[in-house]
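Here are my notes on the model you asked me to look over. Keep the structure open beside you and find each spot as you read.

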Amino acid sequence: MAAVLVALTVLPFAAAVVSTFASVRLSKLLAVATGVACFGLSVALVPSVLDHVRVAAGGELRVDALSAVFLLATSFLYATTAVFAAGYLQLEQGPTGTRYGRRFYAGFHLFCWAMVATPLVNGLALLWVAIEVTTVVSALLVAIDDTDRSTEAAWKYVLIASLGLGIALLATILMYYAGSTVFGTGYDLAYSKLLSGAHQFPPDVVRLAFVLSVLGFGTKMGLAPVHTWLPDAHSEAPTPVSALLSGALLALAFYAILRYYQIAERTLGSAYPRNVLLVFGIASLLLAALYLVRQRDIKRMLAYSSVEHMGIVAIGMSFGVPLAIVGVLLHVLAHAAAKGTAFFGAGSVVRKYGTKDMTRIRGGTTALPWSGPLLVAAVLALSAAPPFGIFRSEFLIVAGGLSDPRYAVAAVLVVLVTLAFLGLSWSTTRTMLAPTAQLVPVPPALAPTAVGAAVVGAGASAGAPDAGTGSAGAGATTAVIDRPNVPSERPSDVASGDGTVAVARGEVSGWIVASMVVGVAALVLLGVHLPASLSELLDHAARELQVVR
């Protein structure tokens, strides 16, 4: 199994190196193969973890039940996003398109490499380094389209996330100091070492370290009030990057907080860390529920949905009972599948209609006969509708909350989740299920293309499929063939009488449909029949987050 851990950290990095020199076509196939291989290797680790075999490679890499859960979520999204990207990216022929494709796939693999490494590294210091690497690489991917909006979003992300990780670094230093009172100064920050002596750590130092870890890593997790980078970055990044940010990166920041939670619980008892998570969780869920009601941008809507779900898992951990913790861990898996699938569908819609403005999109299930209904299914899953996995996970969280003396919190959770459900479902049903508007005749030269995309006219910067409404910066040249949200530059736009966009019926790509089918199938599996080995893994991970007294 040590070889599996090494392979998981080597394969994505090697793929990034190869993608720097390979053709775009080869890079697409390599991305799919690497993503699927990493997911397969992650699944292969589960039996050893369940048999309580120490899975480690040297002193730097190790995996236990808790890290295996987050590794499965990350590698699954790595694989499905690679499939989606193969159909989503449609690049210009020539050196410009090749250069863009190489940069994208090199960054894509480096980002996934850092995220796969995050749950595998052994120690708080290495954990901080891995998450810092995800910030640097993902910020470059957010800005890859070189438009004013994407550049602004990337800078905002870098500044706020760096501030948060600076706070998280202080938390790491404080935890090292707490450990030095027991082990002396010459020790590492390995998890097993810290947990073995945590009951002797100075309580005040650990209390401060835990609050700083929640505030610092909570910035990357998207917890209110330090979530402000998230809507812009998710909206302006290329859709494959948005899916990884939302479905995997936020969860890994939560994983970092859980590592501090394990130590704080042994030093302070469970009440203090639970109360801290409750405060941040309620604030995040309340803010997201209110913002979801008034969103017009389809990708910003999904971004605020991510804030909502991070609030849910924080509240679930605050209940502190085994049933709720199992629900939280299941929620991590289900949210990765649901949010990835939802972003894949949103990317298909944006590429088809050339806009992220949901008031201009109608008849999505008619125009996109496969990805349209699958997007509706993904949004229903995010809204905790049966028979999907998030319904099961939220049911477990609420059931655990009702067994807690503070059962009123569970009632608040249900109310806020219901409000968020109304915002998500209302916007999505209007966009995807409302009938298509009557078309206004246009000249043949402006007829819609098969996929609703257009070649940008001479002299205009080619924006990415998700480019914002602003114009590209001077000299910006990205290679993706369409510029949504700038209708005057899209010959494929067909005006309708009510201002909505009308397009030809047909899918953008079979790769996109395939990625969404896999995501929805995983959600149904998690909701209807949880595999026995996965159920056992969740139980083991939940026990690792509790102290037997």
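**Notes on a predicted model**

1. Let's begin with a charged pair: Asp232 and Arg300 form a salt bridge, and their closest N and O atoms sit 2.6 Å apart. This pair ties together distant parts of the chain, since Asp232 belongs to helix α9 and Arg300 to helix α12 (residues 298–319), 68 residues apart. Arg300 is partly exposed, because its relative accessible area is 23%, and the cut-offs are under 20% for buried and over 50% for exposed. Keep in mind throughout that this is a predicted model.

2. Now stay on Asp232 and look for its other partner. Lys156 also forms a salt bridge with Asp232, with 2.8 Å between the closest N and O atoms. Again distant parts of the chain are linked: Lys156 is in helix α6 and Asp232 in helix α9, 76 residues apart. Lys156 counts as partly exposed because its relative accessible area is 30%. So if you click on Asp232, you should find a salt bridge to Lys156 and a salt bridge to Arg300, with α6 and α12 as the helices at the other ends.

3. Which loops does the pair Arg296 and Asp357 link? The side chains of these two residues meet in a salt bridge at 2.7 Å, N to O. Arg296 lies in the loop between α11 (271–292) and α12, while Asp357 lies in the loop between α13 (322–353) and α14 (364–367), and the two are 61 residues apart. The two ends are classed differently: Arg296 is partly exposed because its relative accessibility is 47%, but Asp357 is buried because its relative accessible area is 18%.

4. To round off the charged pairs, a search of the whole structure turns up seven salt bridges. Have a look, too, at Arg62, Asp64 and Arg259, which are joined in a network of salt bridges.

5. Here's one without a partner. Glu394, in helix α16, is buried yet has no salt bridge. How far away is the nearest side chain of opposite charge? That side chain is Lys339, and the distance is 10.0 Å. What Glu394 does touch, leaving out residues up to four places away in sequence, is His309, Ile312, His331, Ala384 and Val417.

6. Ala384, one of those contacts of Glu394, deserves a visit of its own. Ala384 sits in the loop between α15 and α16, and its phi is near 70°, a positive value in a residue other than glycine. Is Ala384 buried or exposed? Buried, because its relative accessibility is 14%.

7. Another residue to check for its phi is Asp146, where the value is near 60°, which is positive even though the residue is not glycine. You'll find Asp146 in the loop between α5 (124–142) and α6 (148–183). Asp146 counts as partly exposed because its relative accessibility is 36%. These spots are worth flagging because most residues other than glycine have a negative phi, and most peptide bonds are trans.

8. On to the peptide bonds. Ala224 and Pro225 are joined by a cis peptide bond, with omega about 5°, and Pro225 lies in the loop between α8 (203–221) and α9 (230–236). The bond from Pro386 to Pro387 is cis as well, with omega near 10°. Pro387 is in the loop between α15 (371–382) and α16 (389–402), and Ala384 from point 6 lies in the loop between α15 and α16 too.

9. Next, the greasy interior. The largest nonpolar core contains 184 residues, and those with the most contacts inside it are Phe70, Leu329 and Leu537. Try selecting Leu329: apart from neighbours within four places in sequence, it is in contact with Leu66, Val69, Phe70, Leu538, Ala541, Ala542 and Leu545.

10. Finally, how many cavities of 30 Å³ or more does a search of the whole structure find? One, and the largest cavity holds about 40 Å³ of space. Its lining is made up of Ile298, Met301, Leu302, Met358, Leu375, Val379, Thr428 and Met432. Helices α12, α15 and α17 (407–432) each supply at least two lining residues, with the largest share, three residues, coming from α12.

Definitions and conventions. Residues are numbered from 1 along each chain as its sequence is written. This is a predicted model: local features need pLDDT of at least 70, side-chain atom pairs count only at pLDDT 80 or more; totals for chains, interfaces and linings use all residues. Side-chain values use heavy atoms; hydrogens and water are left out. Helices (H or I, at least four residues) and strands (E, at least two) are DSSP runs, numbered from the N terminus. Buried means under 20% relative accessible area, exposed over 50%, partly exposed in between (1.4 Å probe, protein chains only). A salt bridge is a side-chain nitrogen of Lys or Arg within 4 Å of a carboxyl oxygen of Asp or Glu. A nonpolar core is a set of buried Ala, Val, Leu, Ile, Met, Phe, Trp, Tyr and Cys residues joined through side-chain atoms within 4.5 Å. Contact means heavy atoms within 4.5 Å. Lys and Arg count as positive and Asp and Glu as negative; His and the chain ends are not counted. On a 1 Å grid over the protein atoms alone, a cavity is a set of points where a 1.4 Å probe fits but cannot get out, and a pocket is an open set with protein on both sides within 12 Å along at least five of seven lines; lining residues have an atom within 4 Å of a point. Grid points are joined across faces, edges and corners, and a volume is the space filled by probe spheres set on the points.
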